[in-house]
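Me: Got a model open here and want to go through it with you. Can you take my questions as they come?

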Amino acid sequence: MQSKLKKDEKLLTIIHQHWIKLLLPFITWLIVVILLFIFFQTNLNIVLIIALVSALYPGYLYLEWNNNLWAVTNMRVIDEAGFVSRYSKESPLDKINNVEYDQTLWGRMLGYGDVEIQTAAEMGETTYKMIHHPKLLKDTITHAQEEYKAAQITSQAQQLASAIKQNMPASSSTMTMAAEIEKLYELMQKGAITQDEYTVQKNKLLGR
């Protein structure tokens, strides 16, 4: 992976396209070598030279395949491609709205499929073809989103509690109040209570 990880960023998984992507070029090269051997049995040097030169094409395709990857971290999804020319795109986890995968019968048997990632309106929708372990890619992104959202909720609640502690006299009641407000905030973020309910309960605790 060419992209550098950010501070506190952790790599969760790297997924490539399925190896079947390389099968046809390799079989084509193998057939060419066999035909050369049949027609040029008396001159194996020619066969060897042509075989080595023609091997450059599947070799190049392998390098392209090896550099075409999708990396999932605890902050974003990174799409990289290209060996000679480079391409890189990243989608922050909080901008991804939906992730789906689709597998045909052959895809289920061989372990490949398509993955569709829907992001914010300005970023659109992207479908990645013939992904190795598509379900793993989808599940890793979904799990990373859940962990990211939970971490954001905890951080915001802690910041709110810290602000309350700083702006009110230090006492055991203040500490309890901050903890209660922190819990209310977490409940609101999880959807257990509405924003209005959160505001009412918070104001009660603050004596407003």
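Me: Which residue does Q118 stand opposite in β7?
Reply: Q118 stands opposite E125 of β7. Keep in mind that this is a predicted model.

Me: How many bridges join β6 to β7?
Reply: There are 6 bridges, and the two strands run antiparallel. Another pair in that ladder is Y112 with H132, the latter in β7.

Me: And how do β5 and β6 pair?
Reply: In the antiparallel sense, over 6 bridges. One bridge partner pair is D102 with D114, and D114 sits in β6.

Me: What sheet do those strands form, then?
Reply: An open sheet of 3 strands, in the order β5-β6-β7. The pairing is antiparallel.

Me: Which strands are at the edges, and what does that leave?
Reply: β5 and β7 are the edge strands. Each has a single partner strand, so one side of each has no neighbour in the sheet.

Me: What's the twist there?
Reply: From one strand to the next, the average is 20°.

Me: Is β6 mostly covered or mostly open?
Reply: Mostly covered. Of the 8 residues in β6, 6 are buried.

Me: Let's move to backbone angles. What is phi of M130 near?
Reply: Near 50°, a positive value, and M130 is not a glycine. M130 is in strand β7.

Me: Why flag a positive value?
Reply: Because most residues other than glycine have a negative phi.

Me: Is M130 buried or partly exposed?
Reply: Partly exposed. Its relative accessibility is 24%, and the buried class ends under 20%.

Me: What about H133, where does that lie?
Reply: H133 is in the loop between β7 and α5. Its phi is also positive, near 55°, again in a residue other than glycine. At 41% relative accessibility, H133 counts as partly exposed.

Me: On to the interior. How many residues are in the largest nonpolar core?
Reply: The largest nonpolar core has 14 residues. Those with the most contacts inside it are I96, I117, I131, L137 and I141.

Me: Which elements supply at least two residues each?
Reply: β2, β5 (96–102), β6 (112–119), β7 (125–132) and α5 (134–167). The element that gives the most is α5, with 3 residues.

Me: What's the general background for a core like that?
Reply: In soluble globular proteins, nonpolar side chains tend to be buried together.

Me: And what share of the chain is buried?
Reply: Buried residues are 30% of the 208 residues in the protein chain.

Me: OK, β2 came up. What sheet has β2 in its order?
Reply: An open sheet of 4 strands, ordered β1-β2-β3-β4, with antiparallel pairing. The edge strands are β1 (11–16) and β4 (87–92), each pairing on one side only. The twist averages 15° from one strand to the next.

Me: How many bridges join β1 to β2?
Reply: 5 bridges, with the strands antiparallel. β2 covers residues 69–73. In this pairing, T13 stands opposite V72 of β2.

Me: Zooming out, how many helices and strands does the protein chain have?
Reply: The protein chain has 7 helices and 7 strands. From the N terminus on, the elements run β-α-α-α-β-β-β-β-α-β-β-α-α-α.

Me: Pockets next. How much space lies in the largest pocket?
Reply: About 160 Å³.

Me: Which residues line the largest pocket?
Reply: Q17, K21, L22, P25, L61, E64, W65, N68, A81 and G82. They divide into 5 nonpolar, 3 polar and 2 charged.

Me: Which element gives the largest share of that lining?
Reply: Helix α3 (residues 56–66), with 3 residues.

Me: Last one: Y185. Where is Y185 found?
Reply: In helix α6 (residues 172–190). Y185 is buried, with a relative accessible area of 14%. That is because the cut-off for buried is under 20%.

Me: How far apart are Y185 and Q195 in sequence and in space?
Reply: 10 residues apart in sequence. In space, Y185 and Q195 are 8.9 Å apart, C-alpha to C-alpha.

Definitions and conventions: Residues are numbered from 1 along each chain as its sequence is written. This is a predicted model: local features need pLDDT of at least 70, side-chain atom pairs count only at pLDDT 80 or more; totals for chains, interfaces and linings use all residues. Side-chain values use heavy atoms; hydrogens and water are left out. Two strands pair if DSSP finds at least two bridges between them. Axes are lines fitted to C-alpha atoms, for helices over the stretch in contact, and angles run from 0 to 180 degrees between N-to-C directions. On a 1 Å grid over the protein atoms alone, a cavity is a set of points where a 1.4 Å probe fits but cannot get out, and a pocket is an open set with protein on both sides within 12 Å along at least five of seven lines; lining residues have an atom within 4 Å of a point. Grid points are joined across faces, edges and corners, and a volume is the space filled by probe spheres set on the points. Ala, Val, Leu, Ile, Met, Phe, Trp, Tyr, Cys and Pro count as nonpolar, Asp, Glu, Lys and Arg as charged, and the others, Gly among them, as polar. A nonpolar core is a set of buried Ala, Val, Leu, Ile, Met, Phe, Trp, Tyr and Cys residues joined through side-chain atoms within 4.5 Å. Buried means under 20% relative accessible area, exposed over 50%, partly exposed in between (1.4 Å probe, protein chains only).
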